[in-house]
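User: Please take a close look at the salt bridges in this model and walk me through the residues involved. Once that's clear, move outward to the rest.

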Amino acid sequence: MPVLHLIARTVFATGLAVGLMAQSLPPSLPTGLGAPADEKGTVPTLPPGLGSPAAARADPADSERGFTVPFGLTGFIEARLGARIVDDGTQKSLSIAETRLQLERDFYTPHAAFRLVGDVVLDSVENDLNLDLQRGRGFLDLREANAVARPFSFLDVKAGRQILTWGVGDLVFINDLFPKDFRAFFIGRDNEYLKAPSDAVRISAFSDAANLDVVYTPRLNADRFIDGSRLSYFNRSLGGITGQNAIITAETPHTWFSDDEIAARLHRNVGGWELAAYGYHGFWKAPEGARADGRPFYPRLSVVGASLRGPLEGGIVTTEVGNYFSHDDADGTNPLIRNGETRFLIGYEKEIATELTAAGQYYVEILSDFSALKQNLTSGQAAPDRARHVLTLRMTQLLFNQNLMLSAFNFWSPNEEDGHLRFRATYKLSDAWQIESGGNFFYGRKENTFFGQLQDNTNLFFGVRRSF
Amino acid sequence: MTRPFLIFPLVVLLSIALVPKLAEAAPDVQEIVDRASAAAYYQGRDGRAAVRMSILDSQGRERTRDFIIMRSDLDDVDNGEQRFYVFFDRPADVNRTAFLVWKNPDADDDRWLYLPALDLVKRIAPSDERTSFVGSHFFYEDVSGRGPREDNHVLEEETDIYYIVRSTPKESGTAEFTSYRNWIHKATFIPVKTEYYDEAGETYRTYTANAVEVIDGYPTVVQSSMEDRRIGGETKMSYSKVKYDLDLPEEIFTERYLRTPPRRLLR
């Protein structure tokens with residue numbers, strides 16, 4: 001009783017004083033205060049727990065979660081539709097037309113955590129009913145099926161099908177030689193599908209001095225590269241852009257434990273700076289070589305590199321370098337096999353206005369044995385530039401309480417005079433529903449450059465997704 | 001045997017002489033603000049809570065965010081460096097997304113976001129601390145704390161219950177408010193209400209602590225809300241499963257645990 005009296009008196013007295021001092025202040029009492037607003041009520045009443053006994057409160061975790069799927073499954077269902085906006089006589093005009101159900105489930109035992117993620121896909125463009133989990137064809141795309149264990153406190157082991165990423169580039173990869181799905185990336189699937197799954201064992205050891213990751217892939221996990229089946233490309237032997245009329249069928253290394261890949265990363269932080277060194281031994285991730293009879297194959301490849309990422313002048317600076325050793329063309333004299341190269345990037349990202357972030361990168365690939373290559377070109381084979389320079393620019397704007405995201409990403413090569421513009425608008429109608437629209441524009445003066453060869457694939461798409 | 005008898009009257013005398021003085025003398029305003037910041041953001045050596053955010057837009061539509069937040073104070077120093085680990089559970093499209101912050105009071109925070117579908121550890125450019133945290137009405141700064149030395153503070157008033165402190169940014173133009181006023185509970189130093197004023201002196205943004213519980217000996221705000229008239233609507237936050245002094249290992253706040261969530265601590 002005396003306490004209440006004291007509170008009331010104080011509320012009145014300070015309210016009056018405050019009111020006199022700053023008459024422009026509206027005497028609003030915020031919701032949830034529990035006490036009725038008096039005329040000078042800017043002074044808060046004490047919340048339960050400070051002035052009055054704490055009230056029993058419902059655990060928010062127990063409250064209604066809305067629609068949930070049985071068996072602890074989570075995921076989404078989505079539909080995507082897109083079309084080419086340029087003529088391509090060798091492809092369907094629909095670039096994407098699919099319904100996708102992703103289901104995921106985690107299981108835990110005292111010694112390990114298990115995870116399963118799979119997509120059931122009805123793809124009206126490819127209409128491929130033959131299941132190929134390795135290449136991601138057919139009605140099922142198994143994204144993850146792995147177990148994580150910690151045999152020692154300093155060691156994590158993750159085995160099975162998993163998504164793997166490292167390196168500091170933004171949509172530019174130097175030391176990340178884990179499989180990519182460029183088809184998904186260019187036709188307007190969600191960004192997560194740029195990463196194709198690996199069937200691998202990842203061993204991570206941690207110490208104060210440095211951390212080491214080793215990823216062993218017992219059989220090559222190649223990129224889901226552009227082979228003409230869905231996206232058109234420049235075919236050197238035919239001398240033009242081709243699609244379904246010249247689908248690449250490569251010799252794919254398939255022997256377990258000999259056609260394998262090993263990748264390692266040694267990394268540590270120094271203050272806010274992240275330092276890493278990388279190594280890789282395996283294959284080029286796409287058939288970058290051709291046999292004498294013209295049959296494409298995957299040449300052997302090793303890479304060593306390093307990266308650095310940290311804060312600078314209110315932004316984030318990134319840099320990465322990698323040296324590619326093309327073993328099947330060690331001296332660079334075989335024009336049918338991709339030359340070794342040095343890759344380098346430097347980038348900077350900064351928030352330039354509220355909810356608007358800009359990021360730029362300079363990226364270059366420099367051929368290791370350019371003169372050897374030039375001297376050994378076959379007749380009629382065009383000489384490449386010694387270096388391919390690329391500038392990227394990303395702009396991301398969040399609007400309407402971060403429910404609308406507008407983003408644009410442009411790759412542009414000044415020396416190859418080509419590029420690729422990606423843009424997207426994603427709107428979250430609610431926590432569950434999301435709509436997305438976007439496009440992939442490919443441009444170039446020539447048909448045989450990296451992005452220029454994709455110019456018949458320019459497309460627009462629309463998608464709707466329900467998460468659960 | 002004799003010494004306690006000698007000391008006892010001395011203590012009594014000193015107490016009589018000192019106690020009323022201590023009670024009367026208001027602490028220095030900077031000390032009040034420092035203690036309020038410590039009470040709001042630095043209780044215990046470390047802590048963990050399950051948080052539910054309910055975001056109501058101006059038309060009353062609700063969005064929710066469920067996440068676990070873990071926090072550790074480096075060397076247990078109040079208002080010093082901190083590490084935060086945030087693990088999202090809901091909504092479904094951000095499930096398993098993890099967010100790591102190394103808070104540096106005197107420099108930009110270091111922030112990382114882990115996107116599980118891509119296994120991508122993304123470094124996030126330092127942003128204006130006064131932008132929305134996950135689309136709510138709370139700003140990053142409201143979640144991790146505004147530096148007590150970023151503003152000039154004036155103790156405008158003192159009631160039996162509150163210190164009422166007005167704070168004005170030392171560098172004008174660094175925040176969207178002209179000043180703000182904090183009602184700091186004298187007994188616990190918990191900020192019970194904060195009003196943000198625009199150039200006309202109008203309140204456009206109000207923080208309210210709606211419920212406090214003493215957990216592991218620390219008074220803790222377990223329900224709060226932020227209303228923002230410029231944005232429209234409000235966000236309510238409730239904390240559950242709060243625990244302090246868990247001796248969280250420092251390595252929780254590293255890339256290792258972004259990629260492999262510390263399952264035991266997230267339950």
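Analyst: A quick word on naming: helices (H or I, at least four residues) and strands (E, at least two) are DSSP runs, numbered from the N terminus. This is a predicted model, in which local features need pLDDT of at least 70, side-chain atom pairs count only at pLDDT 80 or more, and totals for chains, interfaces and linings use all residues. Residues are numbered from 1 along each chain as its sequence is written, chains are lettered from A and ligands numbered from 1 in the order in which they are written, and side-chain values use heavy atoms, with hydrogens and water left out.

On to the salt bridges (a side-chain nitrogen of Lys or Arg within 4 Å of a carboxyl oxygen of Asp or Glu). Over all chains the count is 69. A good place to start is Arg189(A), which pairs with Asp123(A), the closest N and O atoms being 3.7 Å apart. Arg189(A) sits in the loop between helix H2 (182-187) and strand S6 (198-206) of chain A, while Asp123(A) belongs to strand S3 (residues 112-123), so the bridge ties together parts that are 66 residues apart in sequence. Both Arg189(A) and Asp123(A) are buried (under 20% relative accessible area, with exposed meaning over 50% and partly exposed in between; 1.4 Å probe, protein chains only).

Next comes Arg137(A), whose side chain meets that of Asp227(A) at 3.5 Å, N to O. Here the partners are both in loops: Arg137(A) in the one between S3 and S4 of chain A, Asp227(A) in the one between strand S7 (211-217) and strand S8 (233-235), so this pair links parts 90 residues apart in sequence. Arg137(A) has 11% relative accessibility, so it counts as buried, and Asp227(A) is buried at 6%. These four residues belong to one network of salt bridges that share partners, made up of Glu98(A), Arg100(A), Asp119(A), Asp123(A), Glu126(A), Arg137(A), Arg183(A), Arg189(A), Asp227(A) and Arg230(A).

Another pair in chain A is Asp106(A) with Arg115(A), their closest N and O atoms 3.1 Å apart. Asp106(A) counts as buried at 17% relative accessibility, and Arg115(A) is buried at 8%.

Arg115(A) also leads us to Asn146(A). Arg115(A) is one of the residues Asn146(A) touches, along with Ala113(A), Phe114(A), Lys158(A), Ala159(A), Gly160(A), Arg161(A) and Gln162(A), not counting residues up to four places away in sequence; contact here means heavy atoms within 4.5 Å. Asn146(A) lies in strand S4 (residues 140-152) of chain A and, at 5% relative accessibility, counts as buried. Its side chain makes a polar contact with the side chain of Glu144(A) at 3.3 Å. (A polar contact is a pair of N or O atoms within 3.5 Å; within protein, one must be able to donate a hydrogen and the other to accept it, and residues adjacent in sequence count only if both atoms are side-chain atoms.)

Now for the bridges that go between chains. Chain B and chain A share 7 salt bridges. One of them joins Glu274(A) to Arg123(B), with the closest N and O atoms 2.6 Å apart. There are also 23 residue pairs in polar contact between the two chains, both residues at pLDDT 80 or more. Strand S11 (residues 203-215) of chain B supplies the largest share of the side of chain B that touches chain A, with 8 residues. Overall, the contact takes 75 residues from chain B and 84 residues from chain A. About 6,400 Å² is buried between them, 48% of it on carbon and sulfur atoms; buried area is the accessible area (1.4 Å probe) that two parts lose on being put together, summed over both. Arg123(B) turns up again here: with Arg63(B) and Arg256(B), it's among the residues of chain B that lose the most area to chain A, the three together making 12% of what that side buries.

As for chain B itself, it has 5 helices and 13 strands. Its C-alpha trace spans about 75 × 55 × 30 Å along its principal axes, and 60% of its 267 residues are buried.

Finally, a polar contact back in chain A: the side chain of Thr342(A) pairs with that of Asn323(A) at 3.1 Å. Thr342(A) is in strand S16 (residues 341-353) and counts as partly exposed, at 27% relative accessibility. Leaving aside neighbours within four places in sequence, its contacts include Val321(A), Gly322(A), Val364(A) and Ile366(A).
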